[in-house]
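Work through the exercises below with the sequence and the 3D structure at hand, and try each task before you read its solution.

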Amino acid sequence: GVAVELEESAASRMNIWKGAIDMIADNPLGVGFAQFQREIGSYVKFKNEARDAHNFYLLVGAELGVGGLLLLILLVRQVLSVSWAVSRHVTDPLIRSLGIGMFACVLTTVVVNFFGSRMMTLQVSTYFWVLAAILVRAYDCQLAVEHQHARQVIRTHLHRRLASMAG
């Protein structure tokens, strides 16, 4: 019944994940982009033709190597950090809302991709990275405005001090 199919599915995932970990250990520089399905058969015996990694991080590690996986983790961490900063410190309500939404999006994406390769779909990855780029640009603009305001305050203060010293 359903329980047996679920147990077989869970066991199959564990088997694929173990195979992916072995693939990463054997090929720390990766097997090449889009080569996981071709290579996993050397590590796992399949009953059917479905050869998805069922874990985006293991897929990236297997195909792009440990360095590629580390770069992905650092990039996602940076988007998470910026979205947190925007949600906490930006005063513009639209940009702040974008930061809150992107923070939730990053956390959700991180969790979901432990159990699938959703970031490999064009629709998901495109929305994710475009929203991340918009957020980073909005944050940069906000910082530029704040720095310009701070410079103006300093200039005004210095002009007043110089005027008081001269007068």
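**Exercise 1. A residue on a helix**

Does Arg151 count as buried, partly exposed or exposed, and at what relative accessibility?

*Solution.* Keep in mind from the start that this is a predicted model. Begin by locating the residue: Arg151 lies in helix α5. Next, take its relative accessibility, which is 44%, and compare it with the limits, where buried means under 20% and exposed means over 50%. The value falls in between, so Arg151 counts as partly exposed. As a last step, relate Arg151 to another part of the chain: Leu75 is 76 residues apart from Arg151 in sequence, and their C-alpha atoms are 31 Å apart in space.

**Exercise 2. Two cores**

Find the residues with the most contacts inside the largest nonpolar core, and then work out which helices supply this core.

*Solution.* The largest nonpolar core is made of 20 residues, and those with the most contacts inside it are Phe56, Leu72, Val86, Met102, Val106 and Tyr139. Three helices, α3 (56–89), α4 (93–112) and α5 (122–166), each supply at least two residues of this core. The helix that gives the most is α3, with 10 residues. For a closer look, select Tyr139 and set aside its neighbours within four places in sequence; the residues then in contact with Tyr139 are Val82, Ala85, Val86 and Val90. There is also a second, separate core of 13 residues, which includes Phe36, Val44, Leu58 and Leu59. As background, nonpolar side chains tend to be buried together in soluble globular proteins.

**Exercise 3. Aromatic rings**

Decide how the rings of Phe56 and Tyr57 are arranged, and then do the same for Phe128 and Trp129.

*Solution.* The count for the whole model comes to 5 aromatic pairs. In the pair of Phe56 and Tyr57, the ring centres are 5.9 Å apart and the planes stand at 70 degrees, so this pair is edge-to-face, given that planes over 60 degrees apart fall into that class. Both residues of this pair turn out to be buried, Phe56 at 8% relative accessibility and Tyr57 with a relative accessible area of 16%. The pair of Phe128 and Trp129 is edge-to-face as well, with 4.7 Å from centre to centre and 90 degrees between the planes. Here the two partners must be judged one by one: Phe128 counts as buried at 3% relative accessibility, whereas Trp129 is partly exposed, with a relative accessible area of 29%. Finally, Phe56 and Tyr57 form one aromatic cluster together with Phe114.

**Exercise 4. A loop residue and a helix residue**

Determine whether Asn113 and Glu63 are buried or exposed, and list what each of them touches.

*Solution.* Asn113 lies in the loop between α4 and α5, and with a relative accessible area of 1% Asn113 is buried. Apart from neighbours within four places in sequence, Asn113 is in contact with Asn55, Phe56, Tyr57, Arg118 and Met119. Glu63, in turn, lies in helix α3 and is buried too, with a relative accessible area of 6%. When residues up to four places away in sequence are not counted, Glu63 touches Gly30, Val31, Gly32, Phe33, Ala34, Gln35 and Phe36. Take Gly32 from that list: Gly32 and Glu63 are 31 residues apart along the chain, yet their C-alpha atoms are separated by 4.7 Å.

**Exercise 5. Charges and a nonpolar patch**

Identify the salt bridges of the model, and then find the nonpolar surface patch that includes Leu131.

*Solution.* The count comes to 2 salt bridges. One of them joins Lys18 to Asp22, with the closest N and O atoms 3.0 Å apart. Lys18 and Asp22 both lie in helix α1 (residues 2–26), and they are 4 residues apart, about one turn of the helix; Asp22 counts as partly exposed at 27% relative accessibility. In another salt bridge the side chains of Arg38 and Glu39 meet at 3.0 Å, N to O, and Arg38 is exposed, with a relative accessible area of 56%. Turning to the patch, Leu131 lies in helix α5 and is partly exposed, with a relative accessible area of 34%. Together with Tyr127, Val130 and Ile134, Leu131 forms a nonpolar patch on the surface that has about 390 Å² of accessible area.

Notes:
Residues numbered from 1 in each chain as written. Predicted model: local features only at pLDDT ≥ 70, side-chain atom pairs only at ≥ 80, totals over all residues. Heavy atoms only, no water. Core = buried A, V, L, I, M, F, W, Y, C linked by side-chain atoms within 4.5 Å. Buried < 20%, exposed > 50% of the residue type's maximum accessible area, 1.4 Å probe, protein only. Contact = heavy atoms within 4.5 Å. Phe/Tyr/Trp six-rings, centres within 6.5 Å; stacked < 30°, edge-to-face > 60°. Patch = residues over 30% accessible without salt bridge, like charges linked within 9 Å, V, L, I, M, F, W, Y side chains within 5 Å. Areas by Shrake-Rupley, 256 points an atom, 1.4 Å probe, with all protein chains shown as cover. Salt bridge = Lys/Arg side-chain N within 4 Å of Asp/Glu carboxyl O.
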